[in-house]
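Dear colleague,

Please find below the structure I am handing over to you. My notes on what was found in it follow directly after.

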Amino acid sequence: MTKNSARSVYLLIVLVVVLLDRWTKHAVAQRIALYSHIQIIPGFFRLTHTENTGAAFSLFADSPAPWKTALLIAFSVIALLVVSVLLWKNHHAHIATGVGLSLIMGGALGNLWDRLARGRVVDFLLFYYKRYQWPVFNLADSAILVGAGLLVLEILFHKSGAHQEPAQN
């Protein structure tokens with residue numbers, strides 16, 4: 001795969017993530033009243049329409065700071081710039097890195113879109129077991145998490161060419 005074709009694939013991943021994120025958030029906002037839910041798997045998973053003014057997984061959502069939204073937008077823009085540069089420079093041999101960065105970029109763009117348009121992000125995926133539950137999240141958050149996981153796996157398990165072949169005498 002050439003660098004340009006790899007970049008095209010990565011851009012397509014970003015576009016698919018943003019479009020799926022926009023579509024799912026719109027569908028939830030249109031079909032499920034705010035703070036209502038639809039049970040999918042009893043005792044484990046439901047769709048719950050919430051709006052998050054904080055970061056991913058409701059981090060800082062309870063903070064009353066007036067500058068919180070502006071700070072989250074600024075952080076998102078800076079992260080997007082960094083990810084864009086890394087993605088542009090990514091060598092085509094590091095597919096997991098490219099896919100991971102693309103997922104992060106698509107998720108960040110999806111959540112940034114909400115923040116810029118409404119000052120909050122639509123969340124709707126709720127996993128729980130008895131009294132324990134994960135914070136409500138969305139597809140963009142999932143893409144960011146999976147992308148970060150791919151980057152961690154790439155760091156942990158990537159073998160450089162020097163370590164793959166034994167030294168020849």
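Helices and strands are here DSSP runs, of at least four residues for a helix and at least two for a strand, numbered from the N terminus. In this predicted model, the elements follow the order α-β-β-α-α-β-β-α-α from the N terminus on, giving 5 helices and 4 strands. The protein has 169 residues, of which 36% count as buried. Among contacts between residues at least 6 apart in sequence, 66% join residues at least 24 apart.

My notes concentrate on helix H4, which comprises residues 139-157. Its 19 residues should span 27 Å at 1.5 Å a residue, and this agrees with the 26 Å between its end C-alpha atoms. At the start of H4, the backbone nitrogen of Ala140 has a side-chain oxygen of Asn138 within 2.9 Å.

The buried residues of H4 are Ala140, Asp141, Ala143, Gly147 and Glu154. Because they cover an arc of only 160 degrees around the axis, they lie on the same side of H4. Their cover includes H1, helix H3 (95-118) and strand S3 (121-129). The face turned away from this buried side carries Leu145, Leu156 and Phe157, which are exposed.

As for the packing against H1 (residues 3-31), the axes of H1 and H4 are 8 Å apart, at an angle of about 145 degrees. On the H1 side, Val17, Leu20, Asp21, Thr24 and Lys25 take part, and they meet Leu139, Ala140 and Ala143 of H4. The residues of this contact comprise 5 nonpolar, 1 polar and 2 charged.

With kind regards

Key
Residues numbered from 1 in each chain as written. Predicted model: local features only at pLDDT ≥ 70, side-chain atom pairs only at ≥ 80, totals over all residues. Heavy atoms only, no water. Axes fitted to C-alpha atoms, helices over the stretch in contact; angles between N-to-C directions. Contact = heavy atoms within 4.5 Å. Nonpolar A, V, L, I, M, F, W, Y, C, P; charged D, E, K, R; others polar. Expected span 1.5 Å × (residues − 1). Buried < 20%, exposed > 50% of the residue type's maximum accessible area, 1.4 Å probe, protein only. Arc of directions from axis to C-beta. Polar contact = N/O pair within 3.5 Å; in protein donor to acceptor, adjacent residues only side chain to side chain.
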